[in-house]
Amino acid sequence: MTSGTSFRRVPYHLGIVMDGNGRWAQARGMPRLLGHRGGVNNIRPVLEASVGFGIKALTIYAFSTENWARPPAEVSGLMKLLSETIRRQLADLHANGVQIRHSGRMAGIEPGLQQQIRDALELTKNNQRIILNVAFNYGGRAEIVDAVRQIIQDGLKPDDVSEDVFARYLYTGGLPDPDLIIRTGGEYRLSNFLIWQAAYAEYYATPTFWPDFDKEELRRALQDFEDRDRRFGKVKTPS
């Protein structure tokens with residue numbers, strides 16, 4: 001993985017809603033699952049490009065809590081794709097300093113795949129080059145509900161709960177909020193992605209389907225981000 005950036009400012013934490021895999025495949029007369037395979041194969045190049053631009057954390061929306069409602073064959077294929085990708089990529093990602101994290105619920109995931117995920121987290125937990133946070137079986141509302149449940153279970157009093165304390169109970173606890181969220185595939189919905197963490201994230205939508213989203217597409221998004229005036233609710237001070 002290369003390093004270096006041509007931007008004055010880049011996101012520390014980038015989130016990507018990887019949309020358009022199925023439509024990408026259908027436009028080519030292929031089954032939807034081949035589109036998902038194309039999407040999975042595109043993660044590594046974008047991860048490497050992110051390192052090159054100086055991004056320190058990348059959260060990818062891989063499978064939502066709502067995706068269980070898709071046809072069983074597609075869901076099963078997505079689970080097999082993740083398992084296969086871990087087997088093929090884990091050793092090399094670890095050798096390249098990638099720290100893998102998981103955001104989402106383990107419940108519902110097949111036990112063997114759960115163990116693969118846990119093994120990947122344990123193996124890479126001390127790596128520092130870039131964080132690859134995989135939102136798998138993830139939903140922003142479910143995340144908030146799980147955080148509230150854990151706060152109650154831990155016996156915190158109402159006055160003990162601040163925004164900072166609450167954030168530590170989220171799946172992304174310890175990870176800075178995203179600075180930029182990119183959605184591919186031409187849609188403009190949040191789709192239940194990082195709805196607490198993205199309160200002040202910049203958004204960038206592109207019609208490009210995820211399998212075609214490459215380094216140059218990422219560069220365009222980062223250029224747009226660099227040109228944004230981020231005030232976080234404040235009034236810009238005249239120079």
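In the predicted model, the axes of helix H3 (residues 72-95) and helix H4 (residues 111-124) come within 10 Å of each other and cross at roughly 20 degrees. Because angles under 35 degrees count as roughly parallel, H3 is described as roughly parallel to H4. The crossing of H3 past H4 is left-handed. On the H3 side the contact is formed by Met79, Leu82, Ser83, Ile86, Arg87, Leu90 and His94. The H4 side contributes Leu113, Gln116, Ile117, Ala120, Leu123 and Thr124. Sorted by class, the residues of this contact comprise 8 nonpolar, 4 polar and 1 charged.

H3 also meets helix H2 (residues 32-53). The axes of H2 and H3 come within 10 Å, with a crossing angle of roughly 25 degrees. This angle is under 35 degrees, and H2 and H3 are therefore roughly parallel to each other. The H2 and H3 crossing is right-handed, whereas H3 passes H4 in a left-handed crossing. From H2, the residues involved are Arg32, Leu33, His36, Arg37, Val40, Asn41, Arg44 and Leu47. Their counterparts in H3 are Glu74, Gly77, Leu78, Leu81, Glu84, Thr85, Arg88, Gln89, Asp92 and Leu93. The contact of H2 with H3 consists of 6 nonpolar, 5 polar and 7 charged residues. The charged class thus has 7 members in the contact of H2 with H3 and 1 in the contact of H3 with H4.

The strands were examined next. An open sheet is formed by 6 strands in the order E3-E4-E2-E1-E5-E6, with parallel pairing. Strands E3 and E6 (202-205) are the edge strands, each pairing on one side only. From one strand to the next, the twist averages 20 degrees. Two of the helices described above pack on this sheet. H2 touches strand E1 (13-17), E2, E3 and E4, and the direction of H2 makes about 140 degrees with that of E4. H3 touches E2, E3 and E4, and the direction of H3 makes about 155 degrees with that of E3.

Strand E4 (residues 130-138) lies between E3 and E2 in the strand order. Strand E2 (residues 57-64) runs parallel to E4 and is joined to E4 by 7 bridges. Within this pair, Ala57 stands opposite Ile131 in E4, and Phe63 stands opposite Phe136 in E4. Strand E3 (residues 98-103) also runs parallel to E4, and 6 bridges join these two strands. Gln99 stands opposite Ile131 in E4. Ile131 is therefore flanked by Ala57 and by Gln99. E4 is mostly covered, with 9 of its 9 residues buried.

A further buried position is found in helix H1 (residues 21-26), which contains Asn21. The relative accessibility of Asn21 is 10%. Since buried means under 20% relative accessible area, Asn21 counts as buried. Leaving aside residues up to four places away in sequence, Asn21 touches Gly35, His36, Gly39, Trp210 and Pro211. One of these, His36, is also among the H2 residues that meet H3.

Technical notes:
Residues are numbered from 1 along each chain as its sequence is written. This is a predicted model: local features need pLDDT of at least 70, side-chain atom pairs count only at pLDDT 80 or more; totals for chains, interfaces and linings use all residues. Side-chain values use heavy atoms; hydrogens and water are left out. Axes are lines fitted to C-alpha atoms, for helices over the stretch in contact, and angles run from 0 to 180 degrees between N-to-C directions. Helices (H or I, at least four residues) and strands (E, at least two) are DSSP runs, numbered from the N terminus. Angles under 35 degrees count as roughly parallel, over 145 as roughly antiparallel, 65 to 115 as roughly perpendicular and the rest as oblique. A crossing is left-handed if the near helix is turned anticlockwise from the far one by less than a right angle, and right-handed if clockwise. Contact means heavy atoms within 4.5 Å. Ala, Val, Leu, Ile, Met, Phe, Trp, Tyr, Cys and Pro count as nonpolar, Asp, Glu, Lys and Arg as charged, and the others, Gly among them, as polar. Buried means under 20% relative accessible area, exposed over 50%, partly exposed in between (1.4 Å probe, protein chains only).
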